[in-house]
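Q: Please choose one part of this model and take me through it slowly, together with whatever surrounds it. I would like to follow the reasoning as well as the numbers.

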Amino acid sequence: MTRIVGIAGSLRAGSINAALLRAAAGLMPEGATLEIATIKGIPLYDGDVEASDGIPPTVAVLKDQIAAADGLLMVTPEYNNAMPGVFKNAIDWLSRPSSDIARVFGNRPVAVIGASPGGFGTIMAQNAWLPVLRTLGTQPWNGGRLMVSRAGSVFNEVGEIIDEKMIVQLRQYLQGFVDFVKS
């Protein structure tokens, strides 16, 4: 069984990216699972806090979830043409101490998708993640892109994906990523 951990980069309860992550969990190919993890509760990174208190429990749990998985699916919003600060902050914490980067990220297959109410999807945020993922030593999957634009017409009022074309695209994307993880 191929095990993927997925993280949405938004804290908002009604997040369209959290909805996209939930949809992905329900559309995983046979022989693969998607465990939804969270960045909720991760404090702002502060080196003084790290030095005095160590790694916060919420960070330690997420690090262990990622380290135990075969791959990581990041579902990113796009804020001001880049990744959200709260999501980048979580990844910064996950890379501490630096001696733990290889355990959590090293050679880990990673895919990045996202949803936006705008017309351009999350192309800028996805591109902004690439140097970060390269620095962490991951294996970004470049076999496809999934950017959900005009997400208000893709999800209903309770966050369920209703666009049949997008369901097909998401299913194909997930199959490609799982195949990459297995290879």
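A: A helix here is a DSSP run of H or I with at least four residues, a strand is a run of E with at least two, and both are numbered from the N terminus. With that settled, let's look closely at helix 7, keeping in mind that this is a predicted model.

Helix 7 runs over residues 164-182, and a good place to begin is its contribution to the interior. The largest nonpolar core has 32 residues, and those touching the most other members are Leu20, Leu73, Ile113, Val148, Phe155, Ile161 and Leu170. At least two core residues come from each of strand 1, helix 1, strand 2, strand 3, strand 4 and helix 7. Of these contributions, that of helix 7 is the largest share, at 8 residues. There is also a second, separate core, with 25 residues, among them Ala69, Trp93, Leu94 and Val104.

Leu170 gives a good view of the first core. Leaving out residues up to four places away in sequence, Leu170 touches Leu20, Ala23, Ala24, Leu27, Ile113, Leu146 and Ile161. Three of those names come back when we turn to helix 1 (residues 16-26), where the buried residues are Asn17, Ala18, Ala19, Leu20, Leu21, Ala23 and Ala24. Helix 7 is one of the elements that cover them, and the others include strand 1, strand 2, strand 3, strand 4 (109-115) and strand 6. At the N-terminal end of helix 1 sits a cap: a side-chain oxygen of Ser15 lies 3.0 Å from the backbone nitrogen of Asn17.

Now for the aromatic residues. The whole structure holds 4 aromatic pairs. In one of them, Trp141 and Tyr173 meet edge-to-face, with 4.8 Å from centre to centre and 70° between the planes. This pair joins distant parts of the chain, since Tyr173 belongs to helix 7 while Trp141 sits in the loop between strand 5 (139-140) and strand 6, 32 residues apart. Both of these residues, Trp141 and Tyr173, are buried. Trp141 also pairs with Phe177: their ring centres are 6.1 Å apart and their planes stand at 45°, so this pair is tilted. Because Phe177 is in helix 7 and Trp141 in the loop between strand 5 and strand 6, the pair ties together parts that are 36 residues apart in sequence. Trp141 and Phe177 are both buried. Taken together, Trp141, Tyr173 and Phe177 make up one aromatic cluster.

What about a residue of helix 7 that is not buried? Gln172 lies in helix 7, and with a relative accessibility of 55% it counts as exposed, because the exposed class begins over 50%. The C-alpha atom of Gln172 is 23 Å from that of Leu133, although the two are 39 residues apart along the chain.

The chain just ahead of helix 7 deserves a look too. Asn156 is in the loop between strand 6 (147-148) and helix 7. Its relative accessible area is 19%, and Asn156 is therefore buried, the limit being under 20%. The side chain of Asn156 also reaches the backbone nitrogen of Val158, at 3.0 Å.

Finally, follow helix 7 to its last residues and you meet the start of the chain. Thr2 is in strand 1, and the C-alpha atoms of Thr2 and Lys182 are 7.4 Å apart, even though 180 residues separate them along the chain. Apart from neighbours within four places in sequence, Thr2 is in contact with Gly31, Ala32, Thr33, Asp70, Val178, Val181 and Lys182. With a relative accessible area of 8%, Thr2 is buried.

To gather this up: helix 7 supplies the largest share of the largest nonpolar core, 8 residues, helps cover the buried residues of helix 1, and holds Tyr173 and Phe177, which join Trp141 in one aromatic cluster.

Notes
Residues are numbered from 1 along each chain as its sequence is written. This is a predicted model: local features need pLDDT of at least 70, side-chain atom pairs count only at pLDDT 80 or more; totals for chains, interfaces and linings use all residues. Side-chain values use heavy atoms; hydrogens and water are left out. Buried means under 20% relative accessible area, exposed over 50%, partly exposed in between (1.4 Å probe, protein chains only). A polar contact is a pair of N or O atoms within 3.5 Å; within protein, one must be able to donate a hydrogen and the other to accept it, and residues adjacent in sequence count only if both atoms are side-chain atoms. Contact means heavy atoms within 4.5 Å. A nonpolar core is a set of buried Ala, Val, Leu, Ile, Met, Phe, Trp, Tyr and Cys residues joined through side-chain atoms within 4.5 Å. Rings of Phe, Tyr and Trp (its six-membered ring) pair if their centres lie within 6.5 Å; planes under 30 degrees apart count as stacked, over 60 as edge-to-face and the rest as tilted.
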